[in-house]
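Got the viewer open? Here's a tour that tells you what to select next and what you'll find there.

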Amino acid sequence: MNIGNQQQFLQHQNLNEERQSGIVKKFLYINRRAPHGTNYAQEGLEVALIGAAFDQEVAMAYLDDGVFQLKSGQDTRAIGTKNFSATYRALGDYDVKRVYVERESLERRGLSEDDLMSLVYEDEDDDWEEKPLIHVVSASEMQRIISESDVLLNF
Amino acid sequence: MKFAVLVNEGPYTHQASDSAFQFTRAALELGHQVIRVFFYHDGVNNGTRLTTPPQDDRHIPNRWSELAREHELDLVVCVAAAQRRGVVDEEEQKRNGKDANNIADGFRISGLGQLIEAGIQADRLVTFGD
């Protein structure tokens, strides 16, 4: 787990104990910004990972410049900021099973699914088989996914 | 209606911080419930009592503090975002060995779980950001 210091981990454990029982809502984290340049992406990812401990349905959406967040081979050494991109691999471990990437946003930026990092989760209902986390969807599918969600958090 | 409010931008730089305040005050005046206001990203800077704007301008942290006093509003500053930006209460001061604290009256520092919990409990989570 590479999401921060030990204190944050302890905090995360506390939240586990406090988690709500009963209500299950569909949380969708919408990421529209490039990974570097501002810290919205990094702090947005932190919310999603903490939120996954709450027994809610959690999905991630990447559109506009947000698709760059999942680009493989990120290297921040030249700008001297923290390269947190490896943290996206933790999404699968945190029970996030759906990561949607908008096809039109990829295409407009000259990207395809092959340019993205490979994210997987282990499916407990299927003998822990590793399955891909990323689903590339059209803008209209994305629209449906957004409208079917209960709580939207934009970063 | 049960609202929760998320403030993602700092004071004086971005209108999001003003709009969040005005929305919260209006909702309370109309008899709605605001179960929590959560400050994240640069929004944590709304919660420092050391802010000293010119006298002819609004005092954003004080305005929140007063609203919290009047309505027993729960103003929560994210601990991880606050640590990065130097927003500190007494407990954080001790734990991190700092020589001062600056949290404004009516604000408290807590974890991101408070945001998720607010999202679960509220009918609407309203975000004010860029």
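Before the first click, a word on cover: buried means under 20% relative accessible area, exposed means over 50%, and partly exposed is in between (1.4 Å probe, protein chains only). This is a predicted model, where local features need pLDDT of at least 70 and side-chain atom pairs count only at pLDDT 80 or more, while totals for chains, interfaces and linings use all residues. Residues are numbered from 1 along each chain as its sequence is written, chains are lettered from A and ligands numbered from 1 in the order in which they are written, and side-chain values use heavy atoms, with hydrogens and water left out.

**Stop 1: Asp127(A)**

Select Asp127(A) to start. With a relative accessible area of 71%, Asp127(A) counts as exposed. You'll find Asp127(A) in the loop between strand E4 (120-123) and strand E5 (129-132) of chain A. Helices (H or I, at least four residues) and strands (E, at least two) are DSSP runs, numbered from the N terminus.

Check the backbone here too: phi of Asp127(A) is near 55°, a positive value in a residue other than glycine. Most residues other than glycine have a negative phi. For another case, jump to Asp64(A), which has a positive phi of about 50° although it is not a glycine. Asp64(A) sits in the loop between E2 and E3 of chain A, and its 26% relative accessibility makes it partly exposed.

Now add Asp93(A), Glu122(A), Glu129(A) and Glu130(A) to Asp127(A): these residues form a negative surface patch. A patch is made of residues with over 30% relative accessible area and no salt bridge, with like charges joined within 9 Å. Asp and Glu count as negative, Lys and Arg as positive, and His and the chain ends are not counted. The place of a charge is taken as CG of Asp, CD of Glu, NZ of Lys or CZ of Arg.

**Stop 2: chain A as a whole**

Zoom out and color chain A by secondary structure. How many helices and strands are there in chain A? There are four helices and seven strands, and along the sequence they follow the pattern α-β-α-β-β-α-β-β-β-α-β. Of the 155 residues in chain A, 48% are buried.

**Stop 3: helix H2 of chain A**

Next, select residues 40-51 of chain A, which make up helix H2. Twelve of its twelve residues are buried, so H2(A) is largely enclosed by the rest of the structure. Among them are Tyr40(A), Gln42(A), Glu46(A) and Ile50(A).

Try a distance between the two end C-alpha atoms: they are 16 Å apart, which agrees with the 16 Å that the twelve residues of H2(A) should span at 1.5 Å a residue. The expected span is 1.5 Å times one less than the number of residues in the helix.

**Stop 4: salt bridges**

A salt bridge is a side-chain nitrogen of Lys or Arg within 4 Å of a carboxyl oxygen of Asp or Glu. The structure holds 21 salt bridges over all chains.

Stay on H2(A) and pick Glu43(A), which forms a salt bridge with Arg84(B), their closest N and O atoms being 2.7 Å apart. That pair crosses between chains, from helix H2 of chain A to helix H3 (residues 79-85) of chain B. Is Glu43(A) buried or exposed? At 0% relative accessibility, Glu43(A) counts as buried, while Arg84(B) is partly exposed at 41%. Widen the selection and you'll see a network of salt bridges linking Glu43(A), Glu46(A), Asp42(B), Arg84(B) and Arg85(B).

Back within chain A, Arg98(A) forms a salt bridge with Glu57(A), with the closest N and O atoms 3.5 Å apart. This pair links distant parts of the chain, strand E3 (residues 98-102) and strand E2 (residues 57-62), 41 residues apart.

**Stop 5: helix H5 of chain B**

Move to residues 113-121 of chain B. Helix H5 is mostly covered, with eight of its nine residues buried, including Leu115(B), Glu117(B) and Ile120(B). Glu117(B) forms a salt bridge with Arg36(B), the closest N and O atoms being 2.9 Å apart. The two are 81 residues apart, with Arg36(B) in strand E2 (residues 33-39) of chain B. Both count as buried: Arg36(B) at 10% relative accessibility and Glu117(B) at 13%.

**Last stop: two distances in chain B**

Select Gly106(B), in the loop between helix H4 (90-95) and strand E4 (107-110). Gly106(B) and Leu67(B) are 39 residues apart in sequence and 8.9 Å apart in space, C-alpha to C-alpha. Then try His32(B), in the loop between helix H1 (15-29) and E2 of chain B. His32(B) and Pro11(B) are 21 residues apart in sequence and 25 Å apart in space, C-alpha to C-alpha.

Definitions and conventions: Patches are made of residues with over 30% relative accessible area and no salt bridge: like charges are joined within 9 Å, nonpolar side chains (Val, Leu, Ile, Met, Phe, Trp, Tyr) within 5 Å. Accessible areas come from the Shrake-Rupley method with a 1.4 Å probe; for residues, only the protein chains shown count as cover.
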